[in-house]
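This report goes through one protein model, from its overall layout to a few individual residues. Please keep the sequence and the structure in view while reading.

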Amino acid sequence: MADGSEAVSLFLALESKTTGIKPFIKGFDFNFEYIDRAAQFTYTKNHFPPEISPHDFLEYFEPVLRNKWKLKNEFWPCFSYQQHDILNDTPKTDVSQYDLVMCNNLIIGWNEEDCRTTIANLANQVKEGGLIVLGGGPLGFVHLEIISRGFTPLFDDIEEIHEAWTVQRRFYE
């Protein structure tokens, strides 16, 4: 989760004003500090792609302090952040399965056994017809593990997938 920016980006992409969808997004992290940071809903200009200004989203964000933007309070109920260790168990939630489960960068550098356990716990949260999006993990292993659980990859081109995360990589450089 780190700072919640990915959850908010997903919300902006799916929000009903453009799609007719009213998303509710749950974020899980092992680290309480990350959960607290995400729940502040505050971002810098670096969270936005270079070609997009925070001023383009004034219906969602309000300027606070210098060069910081905060998601307006009216959208906060669309998010829930909770502590959870996905390696040891599936999240304890009031909804048994989700339309979309995303996990970015968590399994980078993990061994295959830990990746397999985590992927199984995440896959169990995806309802039939839903999507699972994973970033990281041992190349040549993750996609095969996902396929073994009945999912079909949407992208086969690793370069295409990596390019989709340009903003995230730029922010953490």
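## Overall layout

Along the sequence, the helices and strands of the protein follow the pattern α-α-β-α-β-β-β-β-β-α-β-α-α-α. That makes seven helices and seven strands. The model is predicted.

The protein has 173 residues, of which 34% count as buried. Its accessible surface comes to about 10800 Å², and carbon and sulfur atoms account for 53% of this. Among contacts between residues at least 6 apart in sequence, 70% join residues that are at least 24 apart.

## The three-stranded sheet

Strands of a sheet pair through backbone hydrogen bonds, in either the parallel or the antiparallel sense. In this protein, three strands form an open sheet in the order β2-β4-β3, with antiparallel pairing. The edges are taken by β2 (42–44) and β3 (61–64); each has a single partner strand, so one side of each is left without a neighbour in the sheet. On average, and with direction ignored, neighbouring strands of this sheet are turned by 35° against each other.

Strand β2 is joined to β4 (residues 68–71) by three bridges, and the two run antiparallel. One of the residues involved is Thr-42, whose bridge partner in β4 is Lys-70.

## Tyr-43 in strand β2

Tyr-43 belongs to strand β2. Is this residue buried or exposed? Buried means under 20% relative accessible area. Tyr-43 has a relative accessible area of 3%, so it counts as buried.

Outside its neighbours within four places in sequence, Tyr-43 is in contact with several residues, among them Asp-3, Ser-5, Val-8, Ala-38 and Phe-61. Gly-4 is also in contact with Tyr-43, and the backbone oxygen of Gly-4 is reached by the side chain of Tyr-43 at 3.5 Å. Another contact of Tyr-43 is Trp-69; the two residues are 26 apart in sequence, and their C-alpha atoms are 5.2 Å apart in space.

## Strands β1 and β5

Strand β1 (residues 25–29) has five residues, and because four of them are buried, the strand is largely enclosed by the rest of the structure. Its pairing with β5 is in the parallel sense and runs over five bridges. Within this pair, Lys-26 stands opposite Ser-80 in β5.

## Leu-87 in the loop after β5

Leu-87 lies in the loop between β5 (79–83) and β6 (98–104). With a relative accessible area of 24%, Leu-87 is partly exposed, because the buried class ends at 20% and the exposed class begins over 50%.

Apart from neighbours within four places in sequence, Leu-87 is in contact with Trp-110, Asp-114, Thr-117, Thr-118 and Asn-121. Leu-87 and Ile-107 are 20 residues apart in sequence, with 9.7 Å between their C-alpha atoms.

## Helix α4

Helix α4 (residues 112–123) has twelve residues. From its first C-alpha to its last it reaches 16 Å, close to the 16 Å expected at 1.5 Å a residue. At the start of α4, a side-chain oxygen of Asn-111 comes to within 3.1 Å of the backbone nitrogen of Glu-113.

The buried residues of α4 are Cys-115, Thr-118, Ile-119, Ala-120, Asn-121, Leu-122 and Ala-123. What covers these buried residues? The cover includes β6, β7 (126–135) and α5 (142–148). Two of the buried residues, Thr-118 and Asn-121, are also contacts of Leu-87.

Terms used: Residues are numbered from 1 along each chain as its sequence is written. This is a predicted model: local features need pLDDT of at least 70, side-chain atom pairs count only at pLDDT 80 or more; totals for chains, interfaces and linings use all residues. Side-chain values use heavy atoms; hydrogens and water are left out. Helices (H or I, at least four residues) and strands (E, at least two) are DSSP runs, numbered from the N terminus. Buried means under 20% relative accessible area, exposed over 50%, partly exposed in between (1.4 Å probe, protein chains only). Contact means heavy atoms within 4.5 Å. The expected span of a helix is 1.5 Å times one less than its number of residues. A polar contact is a pair of N or O atoms within 3.5 Å; within protein, one must be able to donate a hydrogen and the other to accept it, and residues adjacent in sequence count only if both atoms are side-chain atoms. Two strands pair if DSSP finds at least two bridges between them. Accessible areas come from the Shrake-Rupley method with a 1.4 Å probe; for residues, only the protein chains shown count as cover. Axes are lines fitted to C-alpha atoms, for helices over the stretch in contact, and angles run from 0 to 180 degrees between N-to-C directions.
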